[in-house]
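Biologist: Could you take me on a close look at one part of this model, the charged side-chain pairs, and then show me what lies around them? I'd enjoy one connected walk through it.

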Amino acid sequence: MNTLDIFFHVLGTAVVASPVLLLAVMGLTLLFNRPLSETTTVRITQTSVLLSLIPAIAILITMLATGIRNVPIEFGNWVTIPEQAFHFHLKFTFDRLSIPFLMLSCVLCGVVGEFTRRYLHREQGFARFFLFYAIFYCGMVLSSLAGTIETLFVGWEMVGLSSALLIAYFHERENPVRNGQRVWTIYRLSDAALLIAAITMHHMVGEGDFGGLMNSGIWPEGTAAVTSSQALLVGTLLLIGAAGKSALFPFSGWLPRAMEGPTPSSAIFYGALSVHLGAYLLLRLSPLLEASLALQMMVLSLGAISAIGGALMSRVQTDVKTSLAYASLTQVGIIVVEIGLGLRYLALIHIMGHATLRTMQLLRAPTLLRDYNDLENKIGSRLQQQPWSGVGWLPKPIQRWCYRFGFDRGFMDIALDRWIAGPFVGCFLACNRMEERITRFLSREPEPNVDSDESGFDDSMPQDITTAA
């Protein structure tokens with residue numbers, strides 16, 4: 001290992017170690033009931049962000065000066081199962097894709113952390129928020145730099161966990177807790193698809209390294225090293241994972257529920273970073289899309305449907321945060337379309353610009369209505385609302401249907417409850433009833449008068465699913 005490799009390894013280790021240490025400090029202080037003061041918490045957080053951002057900038061400058069386009073940082077195999085040809089390989093990659101996304105994550109996390117210092121000042125859950133924030137920040141760094149699908153899965157899970165916890169941040173109320181559970185359920189589905197994709201990759205190429213799917217590991221010139229059918233199988237699983245994480249169709253119903261969390265978490269998750277993580281995954285494996293025309297058409301269709309649905313839903317929402325959330329979905333759908341068309345650098349620039357803009361808008365959301373009312377009071381009249389010029393060309397029935405579609409959020413919650421959650425839960429309730437009958441038969445117990453499950457739910461479907469919408 002020459003001097004330059006040691007230099008890259010030291011700086012790369014500092015980038016990854018800083019958020020891990022931040023999470024350890026935040027977690028241990030709360031575990032031992034020694035919470036830090038607000039000032040100390042924010043200073044440690046901002047220092048951690050700088051200790052990741054500055055080495056990343058140094059690596060970028062060195063790469064530009066030396067002409068190196070790919071810097072892998074490896075920490076060896078942590079888990080090895082020879083019988084199953086499986087190994088958990090911890091690898092991080094610095095290249096033209098990961099470094100810009102990492103720097104974006106650091107900058108926006110730093111801005112939101114400083115905003116939270118004042119927004120949650122003297123809140124009872126101040127330390128708890130920054131603990132969840134540290135989990136998210138650590139997960140974003142790991143996901144941005146992941147060189148293997150296993151490393152990505154670790155960061156992916158940390159982002160999802162912190163997201164659900166921050167949605168349920170105001171846990172003394174019922175709705176935030178229910179909505180956090182709902183989002184966690186959708187994340188479980190997408191995470192299962194990602195985990196199956198990791199196992200499939202190991203069976204196909206013998207490793208989880210992203211470079212194993214491409215003939216060249218240097219983004220974006222890599223070409224797929226698998227057949228068209230293999231690319232379609234792995235790509236479909238990854239697309240399901242990306243759709244769940246980025247709230248693409250048909251998983252867009254959880255996006256307004258995520259607005260239950262504090263404004264800083266809404267900004268950093270669903271306006272800036274977390275909502276783009278699915279698109280980032282597709283961008284990382286974009287050479288795989290070109291190996292299968294069917295997969296490419298699936299990506300284009302999913303992005304287009306999500307963009308159109310997001311545009312319709314954002315125009316009829318009654319609160320500013322939900323409207324901005326669906327506006328974010330529109331842009332993410334367009335980004336997915338760009339990825340499907342092979343416009344990789346354009347998609348990366350679009351992600352960075354949109355994340356920055358949406359962060360500013362969501363952080364301004366709490367004071368937007370007050371400023372709007374102040375402006376109307378100063379001019380002495382209501383501000384004129386400009387209708388959408390294109391709506392006049394549509395027939396009245398179509399206009400009403402579009403309004404109903406947008407107002408009911410695309411009927412996605414109802415469809416998921418009826419066609420996915422309902423049959424899934426009903427199947428397991430049926431299995432539970434069958435097990436109870438077998439147990440009673442073997443123990444010779446009499447049949448109960450009322451055939452119901454232990455939770456008191458009806459046999460056909462749980463009450464919380466049938467009433468959710």
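Modeller: Gladly! A salt bridge here is a side-chain nitrogen of Lys or Arg within 4 Å of a carboxyl oxygen of Asp or Glu. Please keep in mind that this is a predicted model. By that rule, the count comes to eight salt bridges.

Let's start inside one helix. R188 and D191 meet through their side chains in a salt bridge, 2.7 Å from N to O. Both residues belong to helix α6 (residues 174–205), where they sit three residues apart, about one turn of the helix. Their surroundings are worth a look: R188 counts as partly exposed at 32% relative accessibility, while D191 counts as buried at 3%, because the cut-off for buried is under 20%.

Another pair within a helix is E436 with R440, whose side chains form a salt bridge at 3.9 Å, N to O. These two are four residues apart in helix α16, so about one helical turn separates them. Both E436 and R440 are buried. Helix α16 (residues 412–443) also holds F441, and F441 is exposed, with a relative accessible area of 65%. Together with M434, I438 and L442, F441 forms a nonpolar patch on the surface, with about 500 Å² of accessible area in total.

Now for a pair that reaches along the chain. The side chains of R284 and D95 meet in a salt bridge of 2.7 Å, N to O. R284 lies in helix α10 (residues 274–284) and D95 in the loop between β2 (86–94) and α3 (98–119), so this pair ties together parts that are 189 residues apart in sequence. R284 is buried, at 8% relative accessible area, and D95 is buried too, at 2%. There is also a network of salt bridges that links E114, R117 and R118.

For a buried acidic residue seen through its contacts, try E338, in helix α13 (residues 320–340). E338 has a relative accessible area of 11%, which means that it is buried. Leaving out residues up to four places away in sequence, E338 touches L343, L346, A347 and H350.

Finally, a word on confidence. The protein chain averages a pLDDT of 84, and 90% of the residues score at least 70. Over residues 452–469, however, pLDDT stays under 50, and the model has 29 contacts beyond four places in sequence for that stretch. Where pLDDT is low, the predicted coordinates should not be read in detail.

Definitions and conventions
Residues numbered from 1 in each chain as written. Predicted model: local features only at pLDDT ≥ 70, side-chain atom pairs only at ≥ 80, totals over all residues. Heavy atoms only, no water. Patch = residues over 30% accessible without salt bridge, like charges linked within 9 Å, V, L, I, M, F, W, Y side chains within 5 Å. Areas by Shrake-Rupley, 256 points an atom, 1.4 Å probe, with all protein chains shown as cover. Buried < 20%, exposed > 50% of the residue type's maximum accessible area, 1.4 Å probe, protein only. pLDDT = per-residue confidence, 0-100. Contact = heavy atoms within 4.5 Å.
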